[in-house]
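User: Please take a close look at the salt bridges of this model, and then set them in the context of the chains that carry them. A connected account would suit me better than a list.

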Amino acid sequence: MLTIQNLHARVGETPILKGINLEVKAGEVHAIMGPNGSGKSTLSSILAGRDEYEVTEGSVIYQDDNLLALEPEERAWRGVFLSFQYPVEIPGVKNIYLLKAAVNAVRTHRGLPELKAGEFLRLVREKLKVMQMDEAFLHRNVNEGFSGGEKNAMKFCKCNCWSQHLRSLMKPTRVST
Amino acid sequence: MIGDQCGAHTFPYVEVQEPSAQLEHEATTSKVSDDQLFYLRTRGMTEEDALNMVVNGFCKDVFQKLPMEFAVEAEALLGITLEGAVG
Ligand SMILES: Nc1ncnc2c1ncn2[C@@H]1O[C@H](COP(=O)(O)OP(=O)(O)OP(=O)(O)O)[C@@H](O)[C@H]1O
Ligand SMILES: [Mg+2]
């Protein structure tokens, strides 16, 4: 499903990844470990489409496509999901609003009808329950004032709202580190 | 402000005639961060939808702190489309 071959990447003049090879088949779980600063977040950002990293060599094939040629949102529509090590805050935008926009953006591009308010609420409530999160979190601004553990729990709720084929979860612990 | 061709020039100027008054002038601008836009795009939103969401959210936060008559006018101004505004 995912094949990374001899991936080299740099930021500005600084080389960061120097020849990564990784093959992930459907259903497999891989843990990428390494010392601080070894490039784990960088790899994850490249897979999600962050353009500050320049790929200088190698390739990433995802479901028969050249992943690196796709825009970040196109990757999301095809089922790539990245969680952030340091989630960003978005002032004035409530979780529930972002979540609905995200779910429906993905659905639209997959040729599915948008979820109506009621259907959407049922879906998120179910996901919140799994993570034992209070519904009040939905009405707070995206990541604003969330504790580390709450951010993590929220990210699981989010990532369970549409189906994905490739998930890259940074430090996915409920306990904040 | 959106794009790399624009700029803003603010000249903070406060005249005080009452010696006991406490005044502050705040002239700050903040940039829609690449992190925010990138985050929303990885959640499936197009660049334009992402920009709209960040700008609207930011403005809503500010408008809530304005008196009613300003808020109404500001909302109307915000209706101006941001289409094609990504630099
Ligand atoms: N935008 C950037 N500008 C300059 N250097 C960068 C940038 N992004 C990453 N680096 C550097 O690349 C290296 C790898 O960083 P990365 O964040 O990928 O490490 P990591 O393996 O995720 O570390 P950690 O375990 O601490 O999260 C670090 O030395 C970092 O300073
Ligand atoms: Mg990291």
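**Salt bridges and their setting**

Analyst: Glu135(A) is a partly exposed residue, with a relative accessible area of 31%, and it offers a useful way into a model that, it should be said at once, is predicted. Its partner is Arg125(A), and the closest N and O atoms of this salt bridge are 2.9 Å apart. The pair joins distant parts of the chain, since Arg125(A) belongs to helix α4 (residues 117–130) of chain A while Glu135(A) sits in the loop between α4 and β7 (141–142), 10 residues apart. Arg125(A) has a relative accessibility of 40% and therefore also counts as partly exposed.

This bridge is one of eight that a search of the whole structure finds over all chains. In another, the side chains of Glu54(A) and Arg10(A) meet at 3.2 Å, N to O. Because Glu54(A) lies in strand β3 (residues 54–62) and Arg10(A) in strand β1 (residues 2–11) of chain A, this pair ties together parts that are 44 residues apart in sequence. Neither end is buried: Glu54(A) is partly exposed at a relative accessible area of 40%, and Arg10(A) is partly exposed at 27%.

Arg78(A) and Asp65(A) form a further bridge, in which the closest N and O atoms are 2.6 Å apart. Here a residue of the loop between α2 (72–77) and β5 (80–82) of chain A, Arg78(A), is linked with Asp65(A) of strand β4 (residues 65–66), 13 residues away, and the pair again connects distant parts of the chain. Arg78(A) has a relative accessible area of 34% and is partly exposed, as is Asp65(A) with 29%.

Which residues carry such pairing from one chain to the other? Across the interface of chain B and chain A the rule finds three salt bridges. Arg41(B) bridges to Glu71(A), with 2.7 Å between the closest N and O atoms. There is also a network of salt bridges that links Arg50(A), Glu52(A) and Asp35(B). With both residues at pLDDT 80 or more, six residue pairs are in polar contact across the interface. On the side of chain B that touches chain A, the elements giving two or more residues are α1 (34–42) and α2 of chain B, and α1(B) gives the most, with eight residues.

The contact as a whole takes 30 residues from chain A and 19 residues from chain B. Together the chains bury about 2,000 Å² between them, of which 65% is on carbon and sulfur atoms. In chain B, the residues that lose the most area to chain A are Phe38(B), Tyr39(B) and Arg43(B), which together make up 36% of what that side buries.

Helix α1(B) deserves a closer reading on this account. Seven of its nine residues are buried, so the helix is largely enclosed by the rest of the structure. Among these buried residues are Phe38(B) and Tyr39(B), and so is Arg41(B), the residue that forms the bridge to Glu71(A). Just after α1(B), Gly44(B) adopts a positive phi of about 100 degrees.

Chain B has three helices and zero strands, and from the N terminus on its elements run α-α-α. Of its 87 residues, 24% count as buried, and its accessible surface comes to about 6,600 Å², 53% of which belongs to carbon and sulfur atoms. Asn52(B) is found in helix α2 of that chain; because its relative accessible area is 24%, and the cut-off for buried is under 20%, Asn52(B) is partly exposed. From C-alpha to C-alpha, Asn52(B) is 9.8 Å from Leu37(B), although the two are 15 residues apart in sequence.

Chain B also carries a nonpolar surface patch of about 350 Å², made by Phe58(B), Val62(B), Leu66(B) and Phe70(B). Of these, Leu66(B) lies in the loop between α2 (47–63) and α3 (68–78), and it counts as partly exposed at 33% relative accessibility.

Back in chain A, a contrast to the partly exposed bridge residues is Thr42(A), which lies in helix α1 (residues 40–48) and is buried, with a relative accessible area of 8%. Leaving aside residues up to four places away in sequence, Thr42(A) touches Ile16(A), Leu17(A) and Tyr53(A).

How values were computed: Residues numbered from 1 in each chain as written. Chains lettered and ligands numbered in written order. Predicted model: local features only at pLDDT ≥ 70, side-chain atom pairs only at ≥ 80, totals over all residues. Heavy atoms only, no water. Patch = residues over 30% accessible without salt bridge, like charges linked within 9 Å, V, L, I, M, F, W, Y side chains within 5 Å. Areas by Shrake-Rupley, 256 points an atom, 1.4 Å probe, with all protein chains shown as cover. Salt bridge = Lys/Arg side-chain N within 4 Å of Asp/Glu carboxyl O. Helix = DSSP H or I, 4+ residues; strand = E, 2+ residues; numbered from the N terminus. Buried < 20%, exposed > 50% of the residue type's maximum accessible area, 1.4 Å probe, protein only. Contact = heavy atoms within 4.5 Å. Buried area = accessible area lost by both parts, 1.4 Å probe. Polar contact = N/O pair within 3.5 Å; in protein donor to acceptor, adjacent residues only side chain to side chain.
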